[in-house]
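Subject: Handover of a structure for your review

Dear colleague,

Please find below the structure that I am passing on to you. My account of what was found in it follows directly after.

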Amino acid sequence: MRIRGTALVFREKKVLIVRDRGKQKFSFPGGGKNAHEPPLATAIRELYEELGMSARKAERIFECDTQGTINNHKVSLIETEDKPYLRDRELDEFIWWDMTTDIPRYHHIDQILDKYSRRMK
């Protein structure tokens, strides 16, 4: 099971999601952890590498961690004022999702958002 640093970025009641090149479904920004790299650092690095966004503030939210089919998502909440843009050939698209519109997405998105909403109550 691959450990993945997964970034939650909210803005104006929407969450940032991305679609990998050649894939149909959306996921959260993030990627595989390098050796000896903490998951928080992974999420920050991947957000910058994929979308050019720097973290103004970041924290691990352990209670939102989720085991998927391929990845063990280690979730971090990241605040940034940067606007996203596609920096490399890894992603096809990003959107600010309102969390209600039906879009093709991986199951872990719903699991993580459910855990996050329970945390916020």
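A residue is called buried when its relative accessible area is under 20%, exposed when that value is over 50%, and partly exposed in between. Please note also that this is a predicted model.

By that cut-off, H108 counts as buried, because its relative accessibility is 10%. H108 belongs to helix α2, a helix that spans residues 107-120. Leaving aside residues up to four places away in sequence, H108 touches S27, F28 and H73.

The largest pocket

H108 also has a place in the account of the largest pocket, where I70, N71, H73, Y106 and H108 are the residues that lie nearest the centre. This pocket has a volume of about 460 Å³, and 24 residues line it. Of the lining residues, 12 are polar, seven are charged and five are nonpolar. Several elements contribute at least two residues each to the lining: the strands β1 (2-8), β3 (14-20), β4 (30-32) and β7 (71-79), together with the helices α1 and α2.

Two residues in lining elements

Two residues from elements named above may help you to find your way, namely G32 in strand β4 and T42 in helix α1, which covers residues 39-51. T42 counts as buried because its relative accessibility is 0%. G32 is buried as well, since its relative accessible area of 18% falls under the 20% limit. The two residues touch each other. Beyond residues up to four places away in sequence, the other contacts of G32 are R2, I3, R4, E37, R45 and E46. For T42, counted in the same way, the contacts besides G32 are G5, G31, K33, N34 and E37. E37 therefore appears in the contacts of both G32 and T42, where contact means heavy atoms within 4.5 Å. G32 can also be placed relative to N72: the two are 40 residues apart in sequence, and their C-alpha atoms are 9.6 Å apart in space.

The nonpolar cores

In soluble globular proteins, nonpolar side chains tend to be buried together. In the present model, the largest nonpolar core has 15 residues, and L8, I17, F28, I61 and W97 have the most contacts inside it. Strand β3, strand β7 and helix α2 each supply at least two residues of this core. The greatest contribution comes from α2, with four residues. A second, separate core has 10 residues, among them A7, L16, L51 and I78.

Which residues does L8 touch, not counting those up to four places away in sequence? They are V15, F28, I61, V75, S76, L77, I78, I112, L113 and Y116.

The aromatic pair

One aromatic pair is present in the structure. F10 and Y116 form this pair, which is stacked, with 5.0 Å from centre to centre and 20° between the planes. F10 lies in strand β2 (residues 10-11) and Y116 in helix α2, so the pair ties together parts that are 106 residues apart in sequence. As for accessibility, F10 counts as partly exposed because its value is 28%, whereas Y116 is buried, with a relative accessible area of 13%.

With kind regards

Technical notes
Residues are numbered from 1 along each chain as its sequence is written. This is a predicted model: local features need pLDDT of at least 70, side-chain atom pairs count only at pLDDT 80 or more; totals for chains, interfaces and linings use all residues. Side-chain values use heavy atoms; hydrogens and water are left out. Buried means under 20% relative accessible area, exposed over 50%, partly exposed in between (1.4 Å probe, protein chains only). On a 1 Å grid over the protein atoms alone, a cavity is a set of points where a 1.4 Å probe fits but cannot get out, and a pocket is an open set with protein on both sides within 12 Å along at least five of seven lines; lining residues have an atom within 4 Å of a point. Grid points are joined across faces, edges and corners, and a volume is the space filled by probe spheres set on the points. Ala, Val, Leu, Ile, Met, Phe, Trp, Tyr, Cys and Pro count as nonpolar, Asp, Glu, Lys and Arg as charged, and the others, Gly among them, as polar. A nonpolar core is a set of buried Ala, Val, Leu, Ile, Met, Phe, Trp, Tyr and Cys residues joined through side-chain atoms within 4.5 Å. Rings of Phe, Tyr and Trp (its six-membered ring) pair if their centres lie within 6.5 Å; planes under 30 degrees apart count as stacked, over 60 as edge-to-face and the rest as tilted.
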